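Got the viewer open? Load the model, switch to cartoon view and keep the selection box handy.

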Amino acid sequence: MASNGLCPSVKNILLLDSEGKRVAVRYYSDDWPTNNSKLAFEKFVFGKTAKTNARAEADITLLENNIIIYKFVQDLHFFVTGGDDENELILASVLQGFFDAVTLLLRNNVDKREALENLDLILLCLDEIVDGGMILETNGPLIAEKVTSHSLDADAPLSEQTLTQAWATAREHLTRTLLK
């Protein structure tokens, strides 16, 4: 449990490519106040973990007073970061939930190209897992189900849609008007 006496929390979730570049990231902590500090952290974490073999199952490391649980699949690197007082098993369950949901959403084609083509789903997935650092859900199939139910609800009023859904709806309407 975290020393703050509250429920366990996540500092960030990172999805990087095989060169350490961002695919999808969410930060929930003020530990990295600027975009440059976030990029430096991502580069640091990638550099420290790139040579490990975290393909079969998740691996764990302690870097700069952060516990980092990570797993690599194809050309994607999944990371979940928590404070050094967090429970590794809880962080690992967040990572596994994220990985399982992404695997389902990408229909087992877990690679960078597929991830970028479905970036809206991956970002919605991150929103379903953690909110403001607080863990909401770690069950991969349930996360994927929530994300797909959001995506299918294009007829919802714009005020109830997420930004990603609103963009998708706007893109759809624009495409329809251009094709008339």
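Here is a tour from the whole chain down to single residues.

**Ground rules.** This is a predicted model, where local features need pLDDT of at least 70, side-chain atom pairs count only at pLDDT 80 or more, and totals for chains, interfaces and linings use all residues. Residues are numbered from 1 along each chain as its sequence is written, and side-chain values use heavy atoms, with hydrogens and water left out.

**Whole chain.** Colour by pLDDT, the predictor's confidence in each residue from 0 to 100. The chain averages 87, with 84% of its residues at 70 or more. Among the elements, β1 has the highest mean pLDDT (97) and helix α6 (residues 163-179) the lowest (69). Where pLDDT is low, don't read the predicted coordinates in detail.

Now switch to colouring by secondary structure: you should find six helices and seven strands. These are DSSP runs numbered from the N terminus (helices H or I, at least four residues; strands E, at least two). Along the sequence the pattern is β-β-α-β-β-β-α-α-α-β-β-α-α.

Of the 180 residues, 42% are buried (under 20% relative accessible area; exposed is over 50%, partly exposed in between, with a 1.4 Å probe and protein chains only).

**Select 35-49.** This is helix α1, with 15 residues; at 1.5 Å a residue (times one less than the number of residues) it should span 21 Å, and its end C-alpha atoms are indeed 21 Å apart. Show side chains for Phe-41, Glu-42, Val-45, Phe-46 and Thr-49, which are buried. They cover an arc of only 125° around the axis (taken from the directions from the axis to the C-beta atoms), so they sit on the same side of α1. Flip to the other side for the exposed Asn-36, Lys-43, Gly-47 and Lys-48.

What covers the buried residues? Add β1 (12-17), β2 (22-27), β3 (59-63), β4 (66-73) and β5 (76-83), which are included in that cover.

**Select 59-73.** β3 and β4 run antiparallel, joined by five bridges (strands pair if DSSP finds at least two bridges between them). Leu-63 stands opposite Asn-66 in β4. Two residues lie between the strands of this hairpin, and Glu-64 takes a positive phi near 45°.

**Last stop: Lys-11.** Lys-11 lies in the segment before β1. Is Lys-11 buried or exposed? Lys-11 is buried, because its relative accessible area is 18%. Leaving aside neighbours within four places in sequence, its contacts (heavy atoms within 4.5 Å) include Tyr-28, Asp-31, Trp-32, Asn-66 and Thr-81.
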